[in-house]
Amino acid sequence: MGQSKMTPDTTDPLPITEQENPHTANLSFLSVPEIVRLMNDEDALVASAVGRVLPEVVKAVERIVERLGAGGRLFYVGTGTSGRLGVLDASECKPTFGVAPDLVQAVIAGGYEACYRAVEASEDDAEAGGRDLKSREFTKGDVLVGIAASGRTPYTVGALSYARSLDAFTVAVTCAPASPITRVAEVSIVPVVGPEVVAGSTRLKAGTAQKMVLNMLSTATMVKLGYVTGNRMSNLQARNAKLRGRAVRILMAETHLDQDAATRALNAAGGDVGVALVMNGTGCSRSEAENALAESKGVVRLAIKTLL
C-alpha cells in the first residue's frame, strides 16, 4: 500500500504556529542582548497559555490514570521536535517513578534515528502512524497522546485516527486551535502561544508549551497511581553517586532513620528505594519485598499493606 500524503494547500489558513511574529520582525538586526531579551519576553507568554488549558489537562490525566490503573499503557506519538519531546518524557518515567519500561512509550516518525537527525519526510505518511502502533501491539485499553505543534501532521493525525478506531482513549497536544488533530482526539489540549520568534520554528515557544503539558500528564498520572510519596520519588533506583545521595535522603525522610542506618537499608535493598521502604516498613526480606512490589505494580504502600 502506498503512502497517503497531505498536499499543502496555499488557500488553507496558515496555522498560528507558522505565522510571522510582528514583535520579532527585525530580529536579525538586533544585538545579542536585544535578541535574548526579546526571546525571554516571548517565553514569558508560555506559562499563562498553558494555565488557560489546565481543565483539559485534568480531563486527560483522570482518563489516563483510569486506563493505566486497569492495565493499559501510555503512548506518545509525534514527529520532529514534537516526537522528540515525547521520547524525552517517556524515557524519564522509568528512572523517575520506577515503573516498567513499557508502561510509557514513545513512537516517533522515522524511528529513533529521528531523535538525533532530521527525518522530516516521514511525517507526511498518514498510514505509517497506525502501522507503527500496530507494531507495538497498541490496544483499546491503551492511551495515545498525539503531539503536533501545527496540529496537522499527517503521521500523527493518522496514528490518532487508528487509535480512535480501536476505541482507545486519545489526547491531542497542539498549539494550533481548530486544527485537524483536535478533530480526531477525544480531549484536545491547546495552549496558544502565538507565532514564534523565528517564524515556524516550533522548537521554541510551542516546544516549551508542549514540554510543560507532557510534564503534567506523566507526573500527575504517576502521582495518582501511587509512585510518589508526598513529593518524593519512592521508587527511585540509585544507579550513580548523585542518585544514591538522593535515595538516602528519601529513606531518612520517610523512615526517620539516621544517615548510616538509611545507607545500610539501601545497600540491603540493592539500591532500590522502594524495596528498602517495604523492608523497613514490614521487616521482610529483600526477596519478599521485591515480590510484593511486583504484585502491587511497584506501589510501595500497597506492597507494605499486603505484607502486614
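In which strand does Thr170 have its place? Thr170 sits in strand S4, which covers residues 169–173, and this report on a predicted model takes up that residue after a short description of the whole protein.

**Overall picture**

The secondary structure of the protein comprises 12 helices and 5 strands, and the C-alpha trace spans about 70 × 50 × 35 Å along its principal axes. The protein has 308 residues, of which 48% count as buried. Among the contacts with a separation of 6 or more, 66% are made by residues 24 or more positions apart. The protein exposes about 15000 Å², and carbon and sulfur atoms supply 53% of that area. As for charge, there are 32 positive and 33 negative side chains, and the centres of these two sets lie 5 Å apart.

**Thr170 in strand S4**

Thr170 has a relative accessible area of 0% and therefore counts as buried, the cut-off being under 20%. The side chain of Thr170 reaches the backbone nitrogen of Glu186 at 3.1 Å. Glu186 is also one of the residues in contact with Thr170 when neighbours within four places in sequence are left aside; the others are Leu144, Leu160, Ala163, Arg164, Val184, Ala185 and Val187.

**The aromatic pair and helix H4**

The structure holds 1 aromatic pair. It is formed by Phe75 and Phe138, whose ring centres are 5.1 Å apart and whose planes stand at 75 degrees, so the pair is classed as edge-to-face. Because Phe75 lies in strand S1 (residues 74–78) and Phe138 in the loop between helix H4 (128–135) and strand S3 (143–147), the pair ties together parts that are 63 residues apart in sequence. Both Phe75 and Phe138 are buried.

Helix H4, which precedes that loop, has Ala128, Gly129, Gly130 and Leu133 as its buried residues. These buried residues pack against S1, strand S2 (104–108), S3 and helix H5 (154–165).

**Arg73, ahead of strand S1**

Arg73 is found in the loop between helix H2 (54–69) and S1. With a relative accessible area of 17%, Arg73 is buried. Not counting residues up to four places away in sequence, Arg73 touches Leu68, Asp102, Leu103, Gln105, Arg136, Glu137, Phe138, Thr139, Gly141, Asp142 and Val143; Phe138 in this list is also a member of the aromatic pair. Arg73 and Ile250 are 177 residues apart in sequence, and their C-alpha atoms are 28 Å apart in space.

**Residues with a positive phi**

Most residues other than glycine have a negative phi. Against that background, the table lists residues with a positive value of this angle.

| Residue | Phi | Place |
|---|---|---|
| Glu137 | near 60 degrees | follows H4 |
| Asp167 | near 70 degrees | loop between H5 and S4 |
| His256 | about 65 degrees | loop between helix H8 (241–255) and helix H9 (259–268) |

Glu137, which follows H4, is also among the residues touched by Arg73. Asp167 counts as partly exposed, at 47% relative accessibility, and the loop that holds Asp167 runs between H5 and S4, the strand in which Thr170 has its place. His256 has a relative accessible area of 71% and is exposed, since the cut-off for that class is over 50%.

Definitions and conventions:
Residues numbered from 1 in each chain as written. Predicted model: local features only at pLDDT ≥ 70, side-chain atom pairs only at ≥ 80, totals over all residues. Heavy atoms only, no water. Helix = DSSP H or I, 4+ residues; strand = E, 2+ residues; numbered from the N terminus. Buried < 20%, exposed > 50% of the residue type's maximum accessible area, 1.4 Å probe, protein only. Contact = heavy atoms within 4.5 Å. Areas by Shrake-Rupley, 256 points an atom, 1.4 Å probe, with all protein chains shown as cover. Lys, Arg positive; Asp, Glu negative; His and termini not counted. Charge placed at Lys NZ, Arg CZ, Asp CG, Glu CD. Polar contact = N/O pair within 3.5 Å; in protein donor to acceptor, adjacent residues only side chain to side chain. Phe/Tyr/Trp six-rings, centres within 6.5 Å; stacked < 30°, edge-to-face > 60°.
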